[in-house]
Amino acid sequence: MKILIVEDDENILSFLKRGFEEEGYIIDSSSDGEEAEYLITTYQYDIIILDWMLPNLSGIEILQKIREKNILTPVIMLTAKDEVDDRVLGLTYGADDYMCKPFSFKELQARAIALYRRSISSTSNTITIKDLTIDLDSKTVKKADEELSLTQKEYELLLFLVKNKNKTVSNSMIEEQLWGNEEYINSNVIQVTIYNLRKKISKDLIKSSRGLGYKIEV
Amino acid sequence: MKFRSLKTKVLFWFGTATTIVLILFNVAIYHFLEENTKLSIQNTLYNKAVFINDNIKANKSVKELLEHKELESFDVAIIKEGKIIFKKGKIDFRQFLAFLKDKKSFFVFNQGEVLNGLYIFKITQPFDGAIFFLKRNINAEIDNDAQKVKEILMVLEPILLFMLIFMASKLIDKILKSIKNITQTANKIYVTDLAQEIPQPKYDDEIKDLVDSFNEMIKRLKSGVDVLEQFNSDVSHELKTPLTVIKGEIEITLNKLREPEYYQKSLQTIGNEANQIQVIVDNLLMLTKYTKVNIEQTFKSCSLDSLLLETINKYNNQLKDKNIKLHLKKFESVVMDANPLLIATIFSNLIDNAIKYSPNDKNIFISLYEKKQIYFIIEDEGIGIPKEQLSQVLNRFYRVEESRNKRIKGFGLGLSIVKNGVELHNANINIDSKENEGTKVEIIF
């Protein structure tokens, strides 16, 4: 799961990044409104955590702009304002959830997972594809009741494919999704990850079309 | 007398006043009636006297005359040369002969027990003499007339009084209705709900003035509450950011066991944020601790020049770090009664701002001198304040363009503390600034 955190207070940004990264999420971050808008329109994120007060472009303005461009990525607004009117304003402009500072990190994480789950149209915290069961909370994957041991990247790759089921995802899409913008990877890593994942969950589930990419067909 | 309601009060006084007026009116009428009756009796008696005189002149027999039906109910005496030559009725007229000496004709009322109304008419023809008439029971006649009027008034006046009070009550209700509206609205007004407004009455009268000033008051209250609310929300916003960091940092750090360095770094962050909270709280206390009333007790004779030098010394390191040169342009020894803590805070906030908002390698100029008034002037070559925001920089938590100053730590309280301190010392502050050229702050004590 790839999350963009937009927050201009460096200390808040720092603990949010550490917290989410330790939980295995891929994090991109920005502390500037205009930069954040550019990142959102250029890359694909699963969840955006957006501060209200930002230099150059406020959270609300970013929200307005990206919703106008029909980017429907779930957005959680962070703000120190706790007036009902402000919350209503945020939600009206297309925020999916709202957290008032100071917040509990665990709650923010739980809300992020809940939004992600909704975005892949699942009502429970488990996704079932054929004989595979993915538990989003514990991040475990079972194949016919037998738990598979997947690495963090393999798990993220599986989720990405499931989210885009019946669509072909290219190498570059996988690279963008699984590795943050700051990381440089040797493209072989993607092939190795795909190979290992296919080996673990069965080759038929992930179809590969040479030169185009991979997909899960249901 | 105490009245719970304005209506009973007004009605009581109105009723009392009306009753007094009616009583006075009655007395006047009674008096008028009495006079009127007396006059009419006098008139009658005079007519009779003329009648007799005419008849005497015409040589009619006195006896025949006195039996005339016109004189039936009167006691009459005819006097010739001081003697009663003829008399009708029981009254002894002799006692009245003395009246004849100096008066031609006159009317006497209520002489003693017997006499009620005596009319004396002097005649010269056919002989020197007079005619005395007596009319008895005049009082009864007067009383009789008055009684009739009294009876009418006894019935009429209570009805009149009742009608007046009834109309007054209706009128008061009409006036009080608008006042009740005001009371009802006033009861609905809370600090949390100042949206209420009293509906305007139809007519341009005193009630409308009252409603207008009431609505004005609500507006003023609302703007006051708005300022307070804004301040509250600013304070909570400023406090929430460091609190968020502290809470989050603790939560993440406690998630699992970590290296000692991690704890060290984390606790350092938490400590810094706690310090920030302390600075905000101290500043807020500084803003609210002193008022115009209690400030003067804290005044003592201060040497502003040494206070200023002490303050400048605290900023030596920061000046060195940014290679900013601080010049004392005009520096005199100045002594005045002031609160040394507030004055030092004013100096340090202004110097702090000048350093913070100046790029490296610039100059700061400070002057302190006395010329009728005491002048403190600080000029920098910093980033300046945009013209349209000059008026706002003295407001609490106002910071010029968040984005531009993101790297510069601050809460926007410094200048408002300066403004507050300056006002408490009955001084004036002028800020003059050009964007990207510098800012000049002038305080005149």
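1. Two strands pair if DSSP finds at least two bridges between them. The model discussed here is a predicted one. In chain A, strand 4 and strand 5 (residues 97–100) are joined by 4 bridges and run parallel. Within this pairing, T79(A) of strand 4 has C100(A) of strand 5 opposite it.

2. On another pairing of strand 4 of chain A: strand 3 (residues 47–51) of chain A runs parallel to strand 4, and 4 bridges join the two. Here M77(A) in strand 4 stands opposite L50(A). Between strand 3 and strand 4 of chain A, the chain passes through helix 3 (residues 59–68), making a β-α-β crossover that is right-handed.

3. Strand 4 of chain A covers residues 75–79, and 5 of its 5 residues are buried, so the strand is largely enclosed by the rest of the structure. The burial applies to both faces: V75(A), M77(A) and T79(A) lie on one side, I76(A) and L78(A) on the other, and all are buried.

4. In chain B, L100(B) belongs to the loop between strand 2 (83–88) and strand 3 (105–109). L100(B) has 17 other C-beta atoms within 10 Å. A residue counts as buried at 20 or more and as exposed at 12 or fewer, so L100(B) is classed as partly exposed.

5. As for the surroundings of L100(B), I120(B) and A130(B) are in contact with this residue, leaving aside its neighbours within four places in sequence. G82(B) is 18 residues from L100(B) in sequence, and the C-alpha to C-alpha distance between them is 8.3 Å.

Note on methods:
Residues are numbered from 1 along each chain as its sequence is written. Chains are lettered from A and ligands numbered from 1 in the order in which they are written. This is a predicted model: local features need pLDDT of at least 70, side-chain atom pairs count only at pLDDT 80 or more; totals for chains, interfaces and linings use all residues. A crossover is right-handed if, with the strands pointing away from the viewer, the path from the first strand over the helix to the second runs clockwise. Two residues are in contact if their C-beta atoms, placed from the backbone, lie within 7 Å.
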